[in-house]
Amino acid sequence: MLFLVIIPEITQHMVDESELVIIEANIINPNDVSFTSKVTQKFKDIGDADGTLQMHKLSLYWNDGTGNKKLATLTHSNSIDIGTGKVTLSSQANVKDVDALSEFNLFAITANEFNWKIKGSATVETAGLSIPVDVDKTIAMKGFNNFPNPPIINQINITGGTTTEITNIIDATFINDANIAITFGQEVIFTLKSEGITIGTGYIDDLELKTGTFRIKAVVLLSAPEDDQYTQLMKVISNFTSGYPSYVTMGPFKTATTIAWLEAGLNSMSLPTSIPGLTQKLINNVDMYPVDGDVNIPFTMSMSNPIDTSYSLTHIKANIYSNNILIATVNTDVQIVIPARETLTSPTIIAVANLSQEALQEIARLETVGSGLLDVISTLTGQINEFGTESVYKQYQVPATLHH
């Protein structure tokens, strides 16, 4: 009889003195009332006994400063090997307090760390005995800490455009320092802003917010229904085509089907990042055909389209510099359509020579040597597929050949 009393007490003491460490908690396919939980965890200092620890129904709590709030109950489907102490437990979680869970998620976005408490029962199977024990553990967790390592947009491809929006596909690297992962099981949507002005909407299909470093792909639809949005979007496109980054924010976020207890946390997310500029230039080289005594300078350009949809130009306004001297200007309508990822030679365009003595001397020098490097500062009016654009384009050190 003493044996039957001591063994349970020893076993309970063993469980009480052990430390429960969660390596990763993955929330899978959440909805308003439930989610699947897959938790990789380890019991430390659980003792040297052989056997298993079968979790039963547990309750998950979080202290919001006013007391412990029950967030969810978890029913586990597998057991922990006491010898190793480490296992990935799958469980079904049922939401118990939507408001508390929503408040917790909002807190977890900003928190560096927080504590969970789990309470419930389990059974230890050892030496042919089934011993019921109570489980009451405080678990230290890592929060998202406002994502201190911003996402990095590795690449952006413009793939199409309508009269109202430009379609882009972005590849981005995210870093999640928390030990909480979320497999949403549905589309996650975010707002893209530049200098606080909305310029588009992003869509991430079946987002997996993993722990550590991971990559995502998103479709981003750039649009500008209002004048201030169009002005801001043209700044971004100007930077992009000229090879300069544009600093933007991703957020707020939301799920395609609203999940009440995730909504506040997702809406609070605003992640700074930058859209990288193109490395490929629009102008490959220029061929100029100056005529003695004529103020007009005919020229053609070899032009490449670095995006995955057609790019057309209907008007070019440009200043052309050589050795920091303005030598000519362009202000003319054109009809240039460059198919996706293709190169062509433009029709002949007329530049007007600057008649200052300094400019004429520089033009004469270029004619004498037969070549030079030009800086082009322009405003280009046209279309990305069907979307009308008016953007500033700057390209320096453009190779030019002068033909007599």
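Biologist: In which strand is Ser302 placed?

Modeller: This is a predicted model, in which local features need pLDDT of at least 70, side-chain atom pairs count only at pLDDT 80 or more, and totals for chains, interfaces and linings use all residues. Residues are numbered from 1 along each chain as its sequence is written, and side-chain values use heavy atoms, leaving out hydrogens and water. Helices (H or I, at least four residues) and strands (E, at least two) are DSSP runs, numbered from the N terminus. Ser302 falls within residues 296-304, that is, strand E19.

Biologist: Is Ser302 buried or exposed?

Modeller: Buried means under 20% relative accessible area, exposed means over 50%, and partly exposed lies in between (1.4 Å probe, protein chains only). The relative accessible area of Ser302 is 15%, so Ser302 is buried.

Biologist: Leaving aside neighbours within four places in sequence, which residues are in contact with Ser302?

Modeller: Contact means heavy atoms within 4.5 Å. With neighbours within four places in sequence left out, Ser302 is in contact with Leu282, Ile283, Asn284, Asn285, Thr343, Leu344 and Thr345.

Biologist: At what angle do H2 and H4 pack?

Modeller: Axes are lines fitted to C-alpha atoms, for helices over the stretch in contact, and angles run from 0 to 180 degrees between N-to-C directions. Angles under 35 degrees count as roughly parallel, over 145 as roughly antiparallel, 65 to 115 as roughly perpendicular and the rest as oblique. H2 and H4 are therefore roughly parallel to each other. The axes of H2 (residues 98-110) and H4 (residues 260-267) are 7 Å apart, and the packing angle is about 25°.

Biologist: Which residues of H4 make the contact with H2?

Modeller: On the H2 side, the contact is made by Val98, Leu101, Ser102, Asn105, Leu106 and Ile109. The H4 side consists of Ala260, Trp261, Leu262, Ala264 and Gly265.

Biologist: How many salt bridges does a search of the whole structure find?

Modeller: A salt bridge is a side-chain nitrogen of Lys or Arg within 4 Å of a carboxyl oxygen of Asp or Glu. One such pair is Asp64 with Lys69, their closest N and O atoms being 2.7 Å apart. For the whole structure, the number of salt bridges found is six.

Biologist: Which residues are linked with Asp171 in a network of salt bridges?

Modeller: Asp171 and Lys217 meet in a salt bridge at 3.3 Å, N to O. Asp171 lies in strand E10 (residues 165-176) and Lys217 in strand E15 (residues 212-223), so the pair ties together parts 46 residues apart in sequence. Asp171 is buried at 10% relative accessible area, whereas Lys217 is exposed at 56%. The network links Asp171 with Arg215 and Lys217.

Biologist: Which residue forms a salt bridge with Glu362?

Modeller: The partner is three residues away in helix H5 (residues 357-369), about one helical turn. Glu362 is buried at 6% relative accessibility, while its partner is partly exposed at 36%. The N to O distance is 2.7 Å, and the partner is Arg365.

Biologist: Near what value is phi of Glu195?

Modeller: Most residues other than glycine have a negative phi, and most peptide bonds are trans. Glu195 sits in the loop between strand E12 (188-194) and strand E13 (197-204) and is exposed, with a relative accessible area of 62%. Its phi is positive, near 50°.

Biologist: What is omega for the cis peptide bond that joins Gly251 and Pro252?

Modeller: Pro252 lies in strand E16 (residues 246-255). The bond from Gly251 to Pro252 is cis, with omega about 5°.
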